[in-house]
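Visitor: Could you take me through the reasoning behind some of the labels used for this model?
Guide: Gladly; here it is.

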Amino acid sequence: MKRLTGAARRVSLATLVSRVLGLFRDALRAALVGAGALSDALEVAFKVPNLLRDLFAEGAFNGAFVPTLSQTQKDEGEEAAFDLVNRALSTLLIYAGGAVVLLVVFAPQLIGWITDPSFSGDPEKFETAVFYARLLAPFLLFITLAVVLMGALNVRGRFFLPALSPASQNLLLVGGGSFLLMLGVTGESAAFPWALLLLTGGALQFLLQVPAMRREGWRPRFCPDPKFRDPALRQIVLRMAPVVLGLAATHLCILINLRLASQYVGGVSFLYYGFRLVHLPVGLVGVAVGTAALAEAARQAAAGDREAVARTMGDGLRLCLAFAIPAAVGLMVLGGPIAHLLFGYGATEAAEANAIGQAITLYALAVVPYCAVKVLVPVYYAVGKMRVPLLASVFAVAANLAVAIPLARNPDFQWRALAIAVGAGQAVNLLILMVAGRRHFLAGRPGFLAAVVKMAAAACACGGATWAVSLLLPGGEGFLARAAAVFGPTVAGVAAYFAVGRLLGSQEILAVVRLDRSGNAS
């Protein structure tokens with residue numbers, strides 16, 4: 001576990017920087033454009049290139065590229081690995097560039113398809129969304145190319161810089177957004193410069209990794225293979241196919257949820273801001289451990305060591321849960337205070353901040369399964385078992401829609417139903433992955449259930465302490481009072497969690513704070 005924990009900590013540290021900056025970014029966005037119709041239009045516009053990025057780049061491609069590149073480097077050497085990187089970059093440049101052109105041309109049709117008719121029926125909001133969808137389309141190209149270099153650096157044991165690169169975009173947005181706020185630029189006047197900063201940040205994520213790759217010995221060369229004649233590139237495509245199908249089901253679900261949310265003014269924005277808080281623990285632990293587990297498991301699978309792969313999956317899941325369980329409890333208890341601290345300023349009204357707080361609380365139900373899925377799926381990819389994540393994803397989508405569609409029409413739930421549905425879908429996803437993983441990977445991993453029980457007991461203490469301290473605080477509308485309402489209960493909850501964890505002898509909880517110097521799990 002020590003090797004995995006060390007890599008995960010490097011990724012997590014870099015991700016922490018990015019996600020904290022991301023929270024400041026979203027707070028600034030809320031202050032600049034609010035959480036109403038304009039914010040909804042911006043989020044809808046960015047949804048299309050962002051979903052395609054998740055589908056083909058960060059999701060399917062990275063899961064297929066890293067194991068293939070790792071195998072190529074082991075079997076054929078460094079030069080062959082760099083050649084594969086160049087072929088992947090060149091080929092993706094052609095296909096991602098074509099996708100950008102299609103996004104620009106068909107933006108009105110796409111916006112009309114993914115939103116409720118009431119959204120399209122508002123000409124001003126619809127045209128705003130179309131304009132920004134066209135402006136932000138090249139973001140897909142920049143991030144796709146960045147993902148190739150991220151994967152290549154991960155294979156070479158470089159985790160910190162790739163994980164830190166998103167922070168460059170967030171830093172740019174925080175700096176630019178702060179400048180706009182200082183000038184008093186809000187509303188429609190702030191939307192255009194904000195979108196330009198977002199697009200520039202995407203390009204920056206790619207450019208910042210180029211020097212690191214060059215220091216590794218890579219030299220860029222344009223050598224596209226659009227017909228995928230190269231065996232390694234063809235293997236990547238074959239590995240991607242079932243992943244794309246699984247992710248396509250997930251993203252179809254996201255689009256249906258977006259369509260349902262867009263019928264309520266502010267619904268898209270409330271869910272966006274709320275979900276950003278879920279992204280903090282998911283990124284810090286789920287993505288961090290998953291990234292490290294993918295590279296580690298790919299190396300072990302290339303060496304034919306299935307027992308080591310099983311150990312990586314079990315250790316990664318335990319490490320993930322040690323953080324995700326208390327994070328979910330904290331977000332559930334403190335959703336309202338967090339929303340008012342981060343988003344209750346400027347163009348965002350108090351009622352909108354309350355709605356964001358409800359979204360945070362409901363999304364908290366998804367934190368544990370979401371984080372765990374981010375750890376388990378890359379291990380399946382690393383050993384070439386693509387069908388299990390595909391089936392798990394399809395059943396997760398079915399569960400999500402089974403909850404979302406009927407509840408979203410209910411006036412008592414409206415957009416809130418969509419946050420609840422995410423948790424239901426991710427729980428089904430995790431259940432299937434765990435059942436299949438027990439047969440393939442987790443069999444013989446002793447003490448797993450006992451470890452989870454200890455973490456759950458410590459998390460109950462965390463929730464109780466957090467709730468008790470929040471009741472004792474006097475409250476208030478100033479920044480210091482809002483900060484105290486979040487950080488006071490958080491400190492109490494964290495202290496209770498680690499105290500009870502140490503009392504119970506939970507090696508996973510101790511490893512989170514480096515009290516277990518050996519890095520071994522029970």
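Guide: Angles under 35 degrees count as roughly parallel, over 145 as roughly antiparallel, 65 to 115 as roughly perpendicular, and the rest as oblique. Please keep in mind that the model is predicted.

Visitor: Why are α4 and α6 called oblique to each other?
Guide: Helix α4 (residues 107-114) packs against helix α6 (residues 123-136) at an angle of about 125 degrees, their axes being 9 Å apart. That angle falls in none of the named ranges, and α4 and α6 are therefore oblique to each other. The crossing in which α4 passes α6 is right-handed, and the contact is made by A107, P108, I111 and G112 of α4 together with F126, A129, V130, A133 and R134 of α6.

Visitor: What makes up the contact of α4 with α6, in terms of nonpolar, polar and charged residues?
Guide: The residues of that contact divide into seven nonpolar, one polar and one charged.

Visitor: How do you know that R29 and E43 form a salt bridge?
Guide: The N to O distance between their side chains is 3.4 Å, and a salt bridge requires a side-chain nitrogen of Lys or Arg within 4 Å of a carboxyl oxygen of Asp or Glu, so the pair qualifies. R29 lies in helix α1 (residues 2-33) and E43 in helix α2 (residues 37-76), so the salt bridge ties together parts that are 14 residues apart in sequence. Both R29 and E43 are buried.

Visitor: Why does K74 count as exposed?
Guide: Exposed means over 50% relative accessible area, and K74 has 51% relative accessibility, so K74 counts as exposed. K74 also forms a salt bridge with D75, with the closest N and O atoms 4.0 Å apart.

Technical notes. Residues numbered from 1 in each chain as written. Predicted model: local features only at pLDDT ≥ 70, side-chain atom pairs only at ≥ 80, totals over all residues. Heavy atoms only, no water. Axes fitted to C-alpha atoms, helices over the stretch in contact; angles between N-to-C directions. Helix = DSSP H or I, 4+ residues; strand = E, 2+ residues; numbered from the N terminus. Left-handed = near helix turned anticlockwise from the far one by under 90°. Contact = heavy atoms within 4.5 Å. Nonpolar A, V, L, I, M, F, W, Y, C, P; charged D, E, K, R; others polar. Buried < 20%, exposed > 50% of the residue type's maximum accessible area, 1.4 Å probe, protein only.
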